[in-house]
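Let's take a stroll through this protein model together. Have the sequence and the 3D view open while you read, and look up each spot as it comes along.

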Amino acid sequence: MFDLIKLTDRTFYFDMPTKIGVYKIDDKRVFIIDTGISEKSAKRVLKTLGEMGLEVDFILNTHSHTDHAGGNKYICEATGCKAYTAEVEDVLIEFSDVEATLVYGGFPCRDFRKKFMNTPSCKTYNIAEAPLPKGTEIFPLYGHTAHMIGIKTPDDVYFIADVVNSKDTLDKVKICYVYDIDTQLETLEKLKELDGKLCVPAHAEVTENISTLAEENIKNLLEIREEILKILREKPLTAEELTANLCRNFGLKLDLMGLVMITSTVKSHLSSLRHKGIIDWVMEDFTWYWKIAEE
Ligand SMILES: [Zn+2]
């Protein structure tokens with residue numbers, strides 16, 4: 001069973017690989033923030049809350065990834081509650097094939113959709129319609145996905161989803177999934193303004209000192225950018241060849257899912273560098289190569 005950790009009188013979280021937030025609306029009802037990766041984890045959450053005499057009134061999803069919305073279908077069907085999230089993310093939770101297409105770049109091959117990119121389809125409503133208790137705030141955390149959001153509970157706890165990775169993850173995984181690099185960098189800069197507030201990242205320790213971790217994540221993105229440029233200075237490469245070089249240089253160990261996610265993130269880095277005029281491309285023999293832009 002996962003521990004339910006108390007942060008304030010009304011705000012709790014389940015200490016799981018992807019944390020689930022719990023806010024007590026009153027003595028009987030809670031809203032939860034995200035639903036975990038699967039039916040199995042969702043069942044455990046409902047069981048624990050049930051034993052405490054608590055019912056889920058509604059779900060707020062920070063974004064569409066399977067480890068955050070994988071339990072939506074089970075919880076919605078078991079309790080009759082509704083799930084809410086930002087626009088775009090709502091569509092991706094309902095149609096997880098689209099999410100997988102976004103990362104894979106075509107009709108998604110089932111071999112890479114094992115644990116992730118496989119959210120059970122669940123109708124999810126726009127956050128503007130959510131019956132939020134007074135004092136709840138929703139704020140944008142765009143970059144990791146197109147429209148990821150953060151949630152501040154009325155008693156000032158900030159659930160900040162996947163905007164930061166832990167130092168351990170940055171060291172081990174190195175190239176963590178990001179959809180839009182420049183927007184992610186802007187979001188990380190803004191995140192520093194939450195320093196001193198109680199922040200709950202989904203995959204890192206709860207902290208009141210988020211700026212240190214935000215800075216580590218910025219440093220990581222800039223380091224990947226520098227490594228890409230170092231490799232491309234040697235010769236033009238395709239996105240896949242560049243990804244292989246990066247993985248070798250960083251000494252990564254990957255499965256197919258990891259490789260697809262990293263290739264997608266490397267392509268996002270390439271778009272960012274291209275939009276800044278730092279790199280250029282050439283098409284030769286029906287192959288798309290990336291190279292350093294000429295002065
Ligand atoms: Zn995510």
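Counting salt bridges in this predicted model gives a total of 17. Here are three of those pairs, with the N to O distance for each.

| Partner one | Partner two | Distance, N to O |
|---|---|---|
| aspartate 26 | arginine 29 | 2.9 Å |
| arginine 225 | aspartate 182 | 3.4 Å |
| lysine 291 | glutamate 294 | 3.9 Å |

Start with the bottom row, where the side chains of lysine 291 and glutamate 294 meet. Lysine 291 has a relative accessibility of 23%, so it counts as partly exposed. Glutamate 294 reaches 69%, and that puts it in the exposed class. Salt bridges with shared partners also build a network, which joins Asp26, Arg29 and Asp57. Two members of that network have already turned up in the table, as the pair aspartate 26 and arginine 29. Aspartate 26 is partly exposed, because its relative accessibility is 27%. Arginine 29 is partly exposed as well, with a relative accessible area of 31%.

Now for the middle row: which helices hold the two side chains of the pair arginine 225 and aspartate 182? Arginine 225 sits in helix 8 (residues 210-234) and aspartate 182 in helix 7 (residues 181-191), so this salt bridge ties together parts that are 43 residues apart in sequence. Are these two partners buried or partly exposed? Arginine 225 is buried, since its relative accessible area is 13%. Aspartate 182, on the other hand, has 22% and is therefore partly exposed. The line between those two classes is drawn at 20% relative accessible area.

Next stop, the metal. Which residues coordinate the zinc ion? They are His63 (through NE2), His65 (through ND1), His144 (through NE2) and Asp162 (through OD), at 2.1 to 2.2 Å. Written along the chain, the spacing of these donors is H-x1-H-x78-H-x17-D. Take histidine 65 and aspartate 162 as a pair: they are 97 residues apart and link distant parts of the chain. Histidine 65 is in the loop between strand 5 (55-60) and helix 2 (66-69), while aspartate 162 is in the loop between strand 10 (157-159) and helix 6 (167-173). Both histidine 65 and aspartate 162 are buried.

Why is the arrangement around the zinc ion called irregular? The angles subtended by the four donor atoms run from 93 to 165 degrees, and that makes it irregular. To count as tetrahedral, four donors would need all angles between 85 and 135 degrees.

Zoom out a bit and you'll find the chain divided into domain 1 (4-162) and domain 2 (235-292). Their centres, taken over C-alpha atoms, are 32 Å apart. The contact uses seven residues from domain 1 and five residues from domain 2. About 530 Å² is buried between domain 1 and domain 2, with 83% of it on carbon and sulfur atoms. And how many salt bridges cross the interface of domain 1 and domain 2? The rule finds zero there.

Back to the start of the chain. Phenylalanine 2 belongs to the segment before strand 1 (4-6). Leaving aside residues up to four places away in sequence, phenylalanine 2 touches Phe14, Asp15, Met16, Pro17, Ser41 and Arg44. Its C-alpha atom is 37 Å from that of alanine 244, which lies 242 residues away along the chain.

One of those contacts, serine 41, is part of helix 1 (residues 39-51). With close sequence neighbours left out in the same way, up to four places, serine 41 touches Phe2, Met16, Thr35 and Gly36. Serine 41 is buried, because its relative accessibility is 7%.

Last up, some backbone angles. Most residues other than glycine have a negative phi. Aspartate 34 isn't a glycine, yet it has a positive phi of about 70 degrees. You'll find aspartate 34 in the loop between strand 4 (29-33) and helix 1. With a relative accessible area of 2%, aspartate 34 is buried. Aspartate 156, again not a glycine, also has a positive phi of about 70 degrees. Aspartate 156 lies in the loop between strand 9 (149-152) and strand 10. Its relative accessible area is 39%, so aspartate 156 is partly exposed.

Notes: Residues are numbered from 1 along each chain as its sequence is written. This is a predicted model: local features need pLDDT of at least 70, side-chain atom pairs count only at pLDDT 80 or more; totals for chains, interfaces and linings use all residues. Side-chain values use heavy atoms; hydrogens and water are left out. Donors are N, O and S atoms within 2.8 Å of the metal (3.2 Å for Na, K and Ca); water is not among the atoms, so sites may look incomplete. Four donors count as tetrahedral if all angles lie between 85 and 135 degrees; four count as square planar and six as octahedral if opposite donors are over 155 degrees apart and all others between 65 and 115; anything else is irregular. Helices (H or I, at least four residues) and strands (E, at least two) are DSSP runs, numbered from the N terminus. Buried means under 20% relative accessible area, exposed over 50%, partly exposed in between (1.4 Å probe, protein chains only). Domain bounds come from an automatic or database domain assignment. Contact means heavy atoms within 4.5 Å. Buried area is the accessible area (1.4 Å probe) that two parts lose on being put together, summed over both. A salt bridge is a side-chain nitrogen of Lys or Arg within 4 Å of a carboxyl oxygen of Asp or Glu.
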